[in-house]
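Open the model in your viewer and keep the selection tool at hand. We will go from the whole chain to one helix.

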Amino acid sequence: MKIKALKGFKDILPGEVELWQILENTARTVFEQYNFHEIRVPVLEETALFQRAIGDTTDIVEKEMYTFVDKKQTLRPEGTASVLRSVIENGLLVQKPVQRLFTIGPMFRHERPQKGRLRQFHQLDIEVLGSKSPLLDTELISLAAMLFSELGIHVSLELNSLGCPKCRPAYREALLAFINERKDKLCSDCQRRSETNPLRVLDCKVPADRELMADAPSIQEWLCEECGDHFNAVQQGLERLGIPFRLNKFMVRGLDYYCRTTFEFITSDLGAQAAVAAGGRYDGLAELLGGPAGTPGIGFAMGMERIILLMQQSEKDFQESVEPLDIYIAGLGDKGQKEASRLAWELRQDGFSVGLDYEGRSLKAQMKLANRENASFVFIIGDEELATGKGVLRNMRDRDAEQMELELKAEAFYFLDDLL
Ligand code: HAM
């Protein structure tokens, strides 16, 4: 019996992986422009970390975690909790009071797989610890907007504030009163949520529930003075940068650690999986995880699979940014192949990318391979070349270009540097 990949786990094959590399490289450039530093954290953590950070009654913790029950360890379903654990454990805030970090890697959630939703998926994750300035909220949103624009992807920004432990309880009561008036008409999930986590009723996807909740009180009207000022400052900051946004009182996010600003970049091009990036403030989380009290935090994560789907649909031609192979050396016959492998060694030491084939294929077959490898130049080494010590370099990009006779040594290829 053939063994197949697990449901919801996907190979990223050559041909597609180039797009991932472009995404990663573009992201790294933007992260650098924004003065972010990379952090790499393990994929396996103590289960308690996610229970405490994300919240016991969230879908992620209740239903979606891959947990080794006997070991009390869990494959990370997201990056924020792990990054915070690491920042606290390694005392990074003592070294530098504001930490601007990014991490890139796989996350694991046992969800029902569909287009744009996997069980192993990848995030570009940004986290900042140590500043509560609303200018930082604006800056992070602008970073995401810039990355999307670099990638030629069109998304829209939705914004909300979830208040703080001072103002949220009163809002929660008002919301609960509203929910209770129509509780028996809501779906069974929402009836349960109304008792455990009533804010989550707001982002139920069932159309009838959405209709019932349309006039629910908005948290934006219940914010305390500090939260209200902060939220206004974030909006003014976005206006100053010319970044359009829409206020969405229904956006409450599926993780419990958020307070104040929350945001999502959404698209209508991916069916049900609308959120391409999402995040917000989590000012109380560091303390909850045993870090210094009063350490504010904010971050967001971008779903890489979803971005790749959008890049595939984008009008931008990413093929142009895929690096071609510099030189393909076609060695003919036993001696030709040996000489090809020697010359390839020299050329690679000089920094060229070189392709070879050892299967004794005909010249025609090797020219086909060179084409498939997208080689810029082909150099043939057969009996004649071995006898004269010279070969012809063919330009594969410009077939009309003059063919050049070169000696079979790397120095002869130096001029290529300017052409590649
Ligand atoms: P999240 O909303 O759970 O937030 O996930 C962020 C993004 O990851 C989503 O908007 C989506 O693009 C992608 N994503 C989530 N689940 C899947 C899946 N099953 N398949 C494919 N893509 C998925 C967080 O994870 C927070 N840690 C974000 C954050 C960072 N907040 C503060 N800092």
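The tour starts with the overall view and then moves inward.

This is a predicted model: local features need pLDDT of at least 70, side-chain atom pairs count only at pLDDT 80 or more, and totals for chains, interfaces and linings use all residues. Residues are numbered from 1 along each chain as its sequence is written, and side-chain values use heavy atoms, with hydrogens and water left out.

**Whole protein.** Show the C-alpha trace. Along its principal axes it spans about 90 × 50 × 40 Å. Now colour by secondary structure. There are 16 helices and 16 strands (DSSP runs, numbered from the N terminus: helices are H or I, at least four residues; strands are E, at least two).

**Domains.** Select 17-167 + 223-318 for domain 1, then 323-414 for domain 2. These bounds come from an automatic or database domain assignment. The C-alpha centres of the two domains lie 47 Å apart.

**Burial.** Buried residues make up 51% of the 420 residues. Buried means under 20% relative accessible area, with a 1.4 Å probe and protein chains only.

**Helix α4.** Select residues 80-89. How many of the 10 residues of α4 are buried? Seven are, so the helix is largely enclosed by the rest of the structure. Highlight Thr80, Ala81, Ser82, Val83, Leu84, Ser86 and Val87: these are buried.

**Its neighbours.** Add β2 (44-46), α2 (47-54) and α5 (92-95), then β5 (99-108), β6 (120-129) and α11 (285-288). The buried residues of α4 pack against these elements (contact means heavy atoms within 4.5 Å).

**Last stop.** Select glycine 91, just after α4. Glycine 91 takes a positive phi of about 60 degrees.

Note on methods. Buried means under 20% relative accessible area, exposed over 50%, partly exposed in between (1.4 Å probe, protein chains only).
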